[in-house]
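Here is my note on the model you sent round. The points are numbered so that you can reply to them one by one.

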Amino acid sequence: MDIRPLTKDFAVSPQIDAAHIKEIAGAGFRSILCNRPDGEEIGQSDYAAIENAAADEGIEIRWIPIVSGMVTPGAMSEFKTALDEMPKPILAYCRSGTRCTMLWSIAQYGRLDDEEIVSRAAKAGYDMSPLIQQLSNR
């Protein structure tokens, strides 16, 4: 598994499967947030299998599928609500972790300093500087 923390309560990961759930639970995660639609790629684990495995381990899970590059206001609102409501720490996953990091960055915009968002994402291996610049130019 490739778990990349952004904060002590939130980390991102590329695609997981049901076999990873015990490891995720063992790492102390209490929630999983899936931001990937089913069927995006051949061979991708479907959400239902991961949901069932998470339930067996007592991990809360939510599905907020985001088509890459197409974040709707409703999906962003759901993501922010999940961050506020789900037991922490939370592991969010998508294909590569970039989409989850982008959503987290948007959710933190205005809450955290721009440089802190960019720095935390960079430490996890994601460049959010263009996104933060775009948000700043609005």
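**Notes on the model**

1. Ser13 is found in strand E2, which spans residues 10–13. The model is a predicted one, and Ser13 is a convenient place to enter it. With a relative accessible area of 1%, under the 20% cut-off for burial, Ser13 is buried. Opposite Ser13, in E5, stands Tyr93. Not counting residues up to four places away in sequence, Ser13 touches Met1, Asp2, Leu91, Ala92, Tyr93, Cys94, Ser96 and Gly97.

2. On the overall fold: the protein chain has 6 helices and 5 strands. Along the sequence they follow the pattern β-β-α-β-α-β-α-β-α-α-α. The radius of gyration is 14 Å, close to the 14 Å that the globule rule gives for 138 residues, so the protein chain is as compact as a globular protein of that length. Taken along the principal axes, the box filled by the C-alpha atoms is roughly 45 × 30 × 25 Å.

3. On the sheet: 5 strands make up an open sheet with mixed pairing, in the order E1-E2-E5-E3-E4. Strand E1 (4–5) and strand E4 (60–63) each have a single partner strand and stand at the edges, so one side of each is left without a neighbour in the sheet.

4. On the pairing, going across the sheet: E1 and E2 run antiparallel and are joined by 2 bridges. E2 and E5 run parallel, with 4 bridges between them. Strand E3 (residues 31–34) is also joined to E5 by 4 bridges, and this pair runs parallel. E3 and E4 pair in the parallel sense, again over 4 bridges.

5. On strand E5 (residues 90–93): Ile90 and Ala92 point one way, Leu91 and Tyr93 point the other way, and all are buried. Two of these residues can be placed against their neighbours: Leu91 has Ile32 opposite, and Tyr93 has Ser13 opposite.

6. On strand E3: both of its faces are covered. Ser31 and Leu33 lie on one side, Ile32 and Cys34 on the other, and all are buried. The bridge partner of Ser31 in E4 is Glu60, while Ile32 stands opposite Leu91 in E5.

7. On the edge at E1: is Pro5, which has its place in strand E1, buried or exposed? Pro5 has a relative accessible area of 54%; exposed means over 50%, so Pro5 counts as exposed. Its bridge partner in E2 is Ala11. Leaving aside neighbours within four places in sequence, Pro5 is in contact with Phe10, Ala11 and Ala124. The C-alpha atoms of Pro5 and Glu85, 80 residues apart along the chain, are separated by 19 Å.

8. On the peptide before E5: Lys88 and Pro89 are joined by a cis peptide bond, with omega at about 5°. Pro89 sits in the loop between helix H3 (73–85) and E5. Please look at this bond when you go through the model.

9. On helix H4 (residues 98–108): which residues does Ser105 touch, not counting those up to four places away in sequence? Ser105 is found in this helix and touches Ile117, Met128, Leu131 and Ile132. Its relative accessibility is 0%, under the 20% cut-off, so Ser105 counts as buried.

10. On burial and contacts across the chain: of the 138 residues in the protein chain, 40% are buried. Among contacts with a separation of 6 or more, 72% are accounted for by residues 24 or more positions apart.

11. On surface and charge: the accessible surface of the protein chain comes to about 7000 Å². Carbon and sulfur atoms account for 49% of that surface. The protein chain has 14 positive and 20 negative side chains. The centres of the two sets lie 4 Å apart.

How values were computed. Residues numbered from 1 in each chain as written. Predicted model: local features only at pLDDT ≥ 70, side-chain atom pairs only at ≥ 80, totals over all residues. Heavy atoms only, no water. Rg over C-alpha atoms; globule rule 2.2 N^0.38 Å. Buried < 20%, exposed > 50% of the residue type's maximum accessible area, 1.4 Å probe, protein only. Contact = heavy atoms within 4.5 Å. Areas by Shrake-Rupley, 256 points an atom, 1.4 Å probe, with all protein chains shown as cover. Lys, Arg positive; Asp, Glu negative; His and termini not counted. Charge placed at Lys NZ, Arg CZ, Asp CG, Glu CD. Pairing = 2+ DSSP bridges.
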